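Grab a pencil and have the structure open beside you. Try each exercise yourself before you read its solution.

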Amino acid sequence: MTIKELYKLYQEHPCITTDSRDCPQGSIFLALKGDKFDGNKFALKALEQGCSYAIVDSEELRAKSEEPHSSLIFVDDCLQTYKDLAREHRRQFQIPVIGITGTNGKTTTKELIATVLQQRYNVLYTQGNFNNDVGVPKTLFGLNKSHDMAVIEMGASHPGDIRTLAETAEPTCGLITNVGRAHLQGFGSFKNVVKTKGELYDFLGRRGESLVFINVDNERLMDILPDTVWVAPYSANPENAEGCTVGEVISCAPFLKFRWRESDTNLEEKGEQPQWYEVQTQLIGSYNIDNMMAAIAVGLNFGVEPADINRALEGYKPSNNRSQLTVTEKNHLVVDAYNANPSSMRAALENFRIMEGSPKMAILGMMGELGKSSQKEHQKIVDLIGQCGIDEVWLVGSEFQTIDCPYRKFADVDEVKAAISAEQPHDRYILIKGSNSTKLFQLPELL
């Protein structure tokens, strides 16, 4: 079958499942493969449980299939078929599709943008971190006639990842939050990180009549911006205010409070005078002003009123261990334990340095997927800690073990849990930050 023929079949059976444990009656099972599983092995079971068809790419199944009108549909590559079908589904909707990528902040920015746009529109947006070559198609299949627009998060850990996801989602506009030193093991070099994130710009530039929301404070992003796109600039530096939606931090005590105003260009078009708006957020971290300004720029472009933008930003509460403040009976916890890389770790430490409250304690987990640069990057973080005025530091994971420093070291989270149980830290402001693999998300309930 061609993709268009497969899509007609999908329209007759508008439910694709990739989980043989969830097979709604009349649905289509698509056999994906991973490092430790092969969906082809469950295709016949999926048909027995209620699926009308199963899309497979197993030569073994092909050899066993004797019925000329079998419910098995054979393709060369199930994952590619999944992406191609999702793209065909996305093409049925002539709506704005905003693609978002970046090293840090893309999930928070995605959620902020969706929250702002929902003040006026019905928005489909990526749930959780479903931002890879399986998650993006899954999100796109959620599109229906009720949606006014879509916000699609795109993650990457290897060169070419963003190009592939952009070609699947076909965004009409896009935003790169930033580019930092993450997943270096997969990318091979920081240069490849920049090139891969820039693949979103490349797609939009080739598409024509595309819009890029860009932080003009970020020289690296400005350097790779193509000439063939429209630009909606924003900044968190009043010195860069010309032509930009601009904001600045007021305080972090401990939640971010900032103010912003529209660009002079927008105000002139509307015949309005400049006006500053103050926003008290529920996010920890001065670095989140960039994410806030991105959401403001997107909201303004799509006609969301400033009062509604402010209401959305003030009402947003973080989840999934991202930029959260948790006040327990014992301590104040700054929890950012979902993931960590050199740039996000640096931002968290610098924000913790200026945050009000004492005494301060940091429990920092190692940063994963840095390849040959790992030891060097961990040493830089240890050097930075000494400048942050933190009273007590615990370092967790193998990458910290060989670094000469005055801080306490722990092999893993279990050793940390034992120390917490024995010492019962209390009356402290504690930063918890590390890669998800270090499992520091297990600590808040103990502190």
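**Exercise 1.** Find what covers the buried residues of helix α10.

*Solution.* Keep in mind that you're working with a predicted model. Start with the helix itself: α10 covers residues 199-207, and its buried residues are E199, L200, Y201, F203, L204 and G205. Now look at what sits against them. The cover includes the strands β5 (97-101), β8 (173-176) and β9 (211-215). It also includes the helices α7 (161-169), α9 (190-197) and α11 (219-223). Finally, step off the end of the helix: α10 is followed by G208, which has a positive phi, near 80 degrees.

**Exercise 2.** Two residues other than glycine, E170 and Q424, have a positive phi. Place each one in the chain, then decide whether it is buried or partly exposed.

*Solution.* Take E170 to begin with. Its phi is near 45 degrees, and you'll find E170 in the loop between α7 and β8. Buried means under 20% relative accessible area. E170 has 18%, so it counts as buried.

Next comes Q424, with a phi of about 50 degrees. Q424 lies in the loop between α17 (413-423) and β19 (429-433). Its relative accessibility is 36%, so Q424 counts as partly exposed.

**Exercise 3.** Which peptide bond, ending at P359, is cis, and where in the chain is P359?

*Solution.* Check the bond leading into the proline: from S358 to P359, omega is near -5 degrees, and the bond is cis. Then look at the neighbours. P359 is in the loop between α15 (342-354) and β16 (360-365).

**Exercise 4.** Which members of the largest nonpolar core touch the most other members?

*Solution.* This core has 55 residues, and I16 and I55 are the ones that touch the most other members. Zoom in on I16. Leave out residues up to four places away in sequence, and I16 touches Y10, I28, L30, Y82, L85 and F141. Apart from this core lies another, of 37 residues, with V123, W260, I296 and L300 among them.

**Exercise 5.** Describe the second largest cavity: its volume, its lining and the helix that gives the most to that lining.

*Solution.* A search of the whole structure turns up two cavities of 30 Å³ or more. The second largest has a volume of about 30 Å³. Its lining is T109, L175, T177, N215, Y234, D290, N291 and A294. Sort these by class and you get three nonpolar, four polar and one charged. Helix α13 (residues 288-301) gives the most to this lining, with three residues.

Conventions. Residues are numbered from 1 along each chain as its sequence is written. This is a predicted model: local features need pLDDT of at least 70, side-chain atom pairs count only at pLDDT 80 or more; totals for chains, interfaces and linings use all residues. Side-chain values use heavy atoms; hydrogens and water are left out. A nonpolar core is a set of buried Ala, Val, Leu, Ile, Met, Phe, Trp, Tyr and Cys residues joined through side-chain atoms within 4.5 Å. Buried means under 20% relative accessible area, exposed over 50%, partly exposed in between (1.4 Å probe, protein chains only). Contact means heavy atoms within 4.5 Å. Helices (H or I, at least four residues) and strands (E, at least two) are DSSP runs, numbered from the N terminus. On a 1 Å grid over the protein atoms alone, a cavity is a set of points where a 1.4 Å probe fits but cannot get out, and a pocket is an open set with protein on both sides within 12 Å along at least five of seven lines; lining residues have an atom within 4 Å of a point. Grid points are joined across faces, edges and corners, and a volume is the space filled by probe spheres set on the points. Ala, Val, Leu, Ile, Met, Phe, Trp, Tyr, Cys and Pro count as nonpolar, Asp, Glu, Lys and Arg as charged, and the others, Gly among them, as polar.
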